[in-house]
Amino acid sequence: MELKYEFYIGATPEQVWDILVTPEGTRKIFFGSELQSTFQVGEPFQYVGPGNDGDETVHVYGTILAYEPNRLLSCLEHPGPSYYPNHAELESRITMTLETVGECTKLTLVNDQWSENHPSISNTTNSWWMILSNIKTLAETGKTLNLGW
């Protein structure tokens, strides 16, 4: 199963990148969670924020596969421990690529290499549309969408 999304955003790759990796950006687009990582290939990352386990809930965690500022972020990810007892067995790969197209940035997101019978596939299929729309809106307007979360 491969989920693939392409968005054209009226902002620079640097502006989109800041939304994807800085605490200020990730809090706005990932439900109040901050991306915590050294961003070194092979090192861990986690999205931590309000949730089932309080303000320090780990929503997603995994390993950085590639990190090229303003161009590429790829990781193997698992759902946080409070979501599924077998969270460590549940895995997929997320790759986000940025490229300049005219005066815009093309953001391509591919979510693939899903472990067999991963319970999050159907929710993720819908969630990426909302998250990516929010990234586009934030980069272009400085505001986020009110998605009722």
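Before we look at anything, let me fix one term: a residue is called buried when its relative accessible area is under 20%, exposed when that value is over 50%, and partly exposed in between. Please also keep in mind that what we have in front of us is a predicted model.

With that cut-off, Tyr5 counts as buried, because its relative accessible area is 3%. Trp129 has a value of 46%, and so Trp129 is described as partly exposed.

Now, how are the rings of these two residues arranged? Rings count as a pair if their centres lie within 6.5 Å, and by this rule the model has six aromatic pairs. One of them is formed by Tyr5 and Trp129, with 4.8 Å from centre to centre and 85° between the planes, which makes the pair edge-to-face. This pair connects distant parts of the chain, since Tyr5 sits in strand E1, residues 3-9, while Trp129 belongs to helix H3, residues 121-141, and the two are 124 residues apart. Phe7 joins Tyr5 and Trp129 in one aromatic cluster.

Let me turn to the strands, and in particular to E6, which covers residues 92-101. On one side of the pairing, strand E5, residues 72-79, runs antiparallel to E6 over six bridges, and E6 is also joined to strand E7, residues 104-112, by nine bridges, again antiparallel. Which residues does Ile94 of E6 meet in these two strands? Cys75 stands opposite Ile94, and in E7 the bridge partner of Ile94 is Asn111.

Finally, E6 and E7 form a hairpin with two residues between them, and Gly102, in the turn, has a positive phi of about 60°.

Key
Residues numbered from 1 in each chain as written. Predicted model: local features only at pLDDT ≥ 70, side-chain atom pairs only at ≥ 80, totals over all residues. Heavy atoms only, no water. Phe/Tyr/Trp six-rings, centres within 6.5 Å; stacked < 30°, edge-to-face > 60°. Helix = DSSP H or I, 4+ residues; strand = E, 2+ residues; numbered from the N terminus. Buried < 20%, exposed > 50% of the residue type's maximum accessible area, 1.4 Å probe, protein only. Pairing = 2+ DSSP bridges.
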